[in-house]
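Subject: Structure handover

Hello,

Here is the structure I promised you. Please open it alongside this message. My notes follow below.

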Amino acid sequence: GGYSGDIHGIIQQALESFAADRNGLPDYALETGGGSILGTRCTSTYNSRSALISVFGIPVFSIYRSPRTIIEPSTHPGECWAFKGDKARVVIRLATTINVTSVTLEHVSKRITLYQNIRSAPKDFAVKGLRSEFDYKGELLGNFTYNENGPSLQNFPIPVSEMSYRLVEFEVLSNYGNPEYTCVYRFRVHGVPVQDS
């Protein structure tokens with residue numbers, strides 16, 4: 001019927017505007033560029049098949065991805081890493097050693113989710129630079145808040161540090177109210193490469 005055709009067009013349009021929302025900064029965490037996930041420090045991936053993302057009330061995308069999803073280019077609804085609860089720690093090895101200048105966190109837009117609701121989106125998060133995989137403390141590069149009412153892709157500048165890092169830890173501290181799981185779509189790390197002396 002004409003109604004479902006309209007819905008399809010609206011979804012397609014929303015997805016296209018979501019996909020066009022790019023920031024043009026080199027991403028040193030990107031897997032295809034040489035970034036990798038070293039570990040998730042005891043965070044449990046959420047594996048319930050019942051976790052579905054609804055677009056205008058139609059369940060369309062199920063969530064069942066691995067942490068690698070957050071450093072891969074695709075950010076369609078449901079293509080996220082879902083972890084249990086609202087706290088997670090992910091250690092990422094960057095493509096090269098950089099002075100970190102900013103990070104970008106991405107989530108699907110409120111505009112295309114049911115009830116304009118993204119309760120599973122990360123809210124408060126921290127970014128740390130690590131000396132090694134076994135560095136459990138790290139140097140805090142910043143605490144940030146993803147704004148659920150802002151654009152789907154949000155960039156967070158980091159104060160200039162003398163230190164450069166090959167390893168960063170992305171730590172989620174809270175979400176927007178989903179008690180079961182939190183979804184991270186994509187996390188990017190930007191900066192200036194350092195010549196290894």
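A residue counts as buried when its relative accessible area is under 20%. Phe144 has 12% relative accessibility, so Phe144 is buried. Please keep in mind that this is a predicted model.

Overall layout

The protein chain has one helix and eleven strands. The helix comes at the N-terminal end of the order, and the strands follow. Of the 197 residues, 48% are buried. Take the contacts between residues at least 6 apart in sequence: 78% of them join residues at least 24 apart. The accessible surface is about 9600 Å². Carbon and sulfur atoms account for 53% of that surface.

The cores

The largest nonpolar core holds 29 residues. Those with the most contacts inside it are Ile70, Ile92, Val103, Phe125, Phe170, Phe187 and Val189. Several strands give two or more residues to this core: strand 4 (81-84), strand 5 (88-106), strand 6 (124-130), strand 7 (139-145), strand 9 (165-172) and strand 11 (186-193). Which strand gives the largest share? Strand 5 does, with eight residues.

Ile92 is worth a look in the viewer. Set aside its neighbours within four places in sequence. Ile92 is then in contact with Ala29, Ser36, Ile37, Ile70, Ile71, Arg166, Leu167, Val168 and Phe187. Another core lies apart from the largest one and has seven residues. Tyr46, Cys80, Val108 and Cys183 are among them.

Aromatic pairs

How many aromatic pairs does the structure hold? There are six. Two of them are described here.

The rings of Phe125 and Phe144 have their centres 5.5 Å apart. Their planes meet at 40°, so this pair is tilted. Phe125 sits in strand 6 and Phe144 in strand 7, 19 residues apart, so to speak of distant parts of the chain being linked is fair here. Phe125 has a relative accessible area of 0% and is buried.

The second pair is Phe170 with Phe187. Their ring centres are 4.1 Å apart. The planes are at 15°, so this pair is stacked. It too links distant parts of the chain: Phe170 is in strand 9, Phe187 is in strand 11, and 17 residues separate them. Phe170 is buried, at 0% relative accessible area. Phe187 is buried as well, at 0% relative accessibility.

Phe125, Phe144, Phe170 and Phe187 also belong to one aromatic cluster, together with Phe156.

Cysteines

A search of the whole structure finds zero disulfides. Are Cys80 and Cys183 buried or exposed? Cys80 is buried, with 0% relative accessibility. Cys183 is buried too, again at 0%. Both belong to the core of seven residues.

A buried acid

Glu106 lies in strand 5. Its relative accessibility is 1%, so Glu106 counts as buried. What does the side chain of Glu106 join? A polar contact of 2.9 Å links it to the side chain of Arg188.

Where to start

Begin with strand 5, which gives eight residues to the largest core and also holds Glu106. Then go to Phe187, which is in contact with Ile92 and stacked with Phe170. Finish with Cys80 and Cys183 in the other core.

Best wishes

Methods
Residues numbered from 1 in each chain as written. Predicted model: local features only at pLDDT ≥ 70, side-chain atom pairs only at ≥ 80, totals over all residues. Heavy atoms only, no water. Core = buried A, V, L, I, M, F, W, Y, C linked by side-chain atoms within 4.5 Å. Buried < 20%, exposed > 50% of the residue type's maximum accessible area, 1.4 Å probe, protein only. Helix = DSSP H or I, 4+ residues; strand = E, 2+ residues; numbered from the N terminus. Contact = heavy atoms within 4.5 Å. Phe/Tyr/Trp six-rings, centres within 6.5 Å; stacked < 30°, edge-to-face > 60°. Disulfide = S-S within 2.5 Å. Areas by Shrake-Rupley, 256 points an atom, 1.4 Å probe, with all protein chains shown as cover. Polar contact = N/O pair within 3.5 Å; in protein donor to acceptor, adjacent residues only side chain to side chain.
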